[in-house]
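Hi,

Here's the structure I said I'd pass along. Have a look, and my notes on the charged side chains follow underneath.

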Amino acid sequence: MLDAIELAETYTVVNPEQAVVLLNPLRGQIVSHMRTPVSAAEVGRAMGETPQRINYHLKALEKVGLVRKTGTRQVRNLVEVLYQAIAKTFVLSDALGLEPSAARRMKEDASLSHLIGTSDKLKRDAVKLMEKTEAGETVHSASLSATVRLAGEEARQSFVQEYLEAVRRLTEKYGAGLPEGSSSAAADAPAPEETYQVLVAVYPTIGEGED
C-alpha cells in the first residue's frame, strides 16, 4: 500500500536533535533521494550503498521526523517498507545557537549533498534526452563550464551572492525563480586563493512519467 505525502518546499531545522542527525553527511545524501516514496534498497542502489546501511540511517531520520513511512510494497517474496522525506530542501536555523564550527560543517555538508543530488539528476536527465535525440527528436540545450580563482572568504561570499543573484534575475525574467534546491555554503575562516568549478546547464524539463 502506497501513501505519498505532500512535500514542503523547504523545512527549517530548529530542533537540535534533528540538526545532530543531519550532521552526518550520508544522511543529507539519503534525503536528497527521497522526494518520492522509496525503499532502503532503492536508495542503496542509487548511492552505491548496502540496504542495511541505508536502513540504519533511515531509522535515525525517521526517529526525529525528517522522513516518514509511506507504506509497503511487495517485491517477489519480500515486503519493502517505503519512506519519503518531509521536504525537498532542509535549512539550518540560526536560532539553534550551535558552535560556529558545527554550524559551518552542517551547512557545508548540506551543500555538498545537494551537489551530489543535482549531479545525479543531471546524469539521469541527460541519458533520457539523448534517447530522444536518437529517436529523431530535436533537443535544445546549453551548458557552461568555467574555472574562477577566489582569494579568501570575502571573495568567495561575494562571488556566490553575485552568481545566485544573476541566476535569480534570469529565472524571474523568464517566469520562474531561484532554482529549486539551490544551495551554497561558505567557511568562516580565511583561506588562500583557490580555484572553483562553475557548471551551468539548461535543457528541457523531463516529464514526471519520464523521470
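First up is E80, which is buried, with a relative accessible area of 17%. This is a predicted model, by the way. E80 pairs with R73 in a salt bridge, and their closest N and O atoms sit 3.0 Å apart. R73 itself is partly exposed at 31% relative accessible area. There's a third member too: salt bridges with shared partners link E42, R73 and E80 into one network.

How many salt bridges are there by this rule? The count is four. One of them runs between K88 and E9, with 3.0 Å between the closest N and O atoms. K88 belongs to strand β5 (residues 87-92) and E9 to strand β1 (residues 8-13), so this pair ties together parts 79 residues apart in sequence. K88 counts as partly exposed at 25% relative accessibility, and E9 also falls in the partly exposed class, at 46%.

Then there's R53 with E49, a salt bridge whose closest N and O atoms are 2.9 Å apart. Again we have partly exposed residues: R53 has a relative accessible area of 42%, and E49 has 26%.

The one I'd like you to look at is R27, in helix α2 (residues 25-32). R27 is buried but has no salt bridge, and the nearest side chain of opposite charge, E17, is 9.9 Å away. What does the R27 side chain have a polar contact with? That would be the side chain of H57, at 2.9 Å. Setting aside neighbours within four places in sequence, R27 also touches V21, Y56, A60 and L61.

Cheers

Technical notes
Residues are numbered from 1 along each chain as its sequence is written. This is a predicted model: local features need pLDDT of at least 70, side-chain atom pairs count only at pLDDT 80 or more; totals for chains, interfaces and linings use all residues. Side-chain values use heavy atoms; hydrogens and water are left out. Helices (H or I, at least four residues) and strands (E, at least two) are DSSP runs, numbered from the N terminus. Buried means under 20% relative accessible area, exposed over 50%, partly exposed in between (1.4 Å probe, protein chains only). Lys and Arg count as positive and Asp and Glu as negative; His and the chain ends are not counted. A polar contact is a pair of N or O atoms within 3.5 Å; within protein, one must be able to donate a hydrogen and the other to accept it, and residues adjacent in sequence count only if both atoms are side-chain atoms. Contact means heavy atoms within 4.5 Å.
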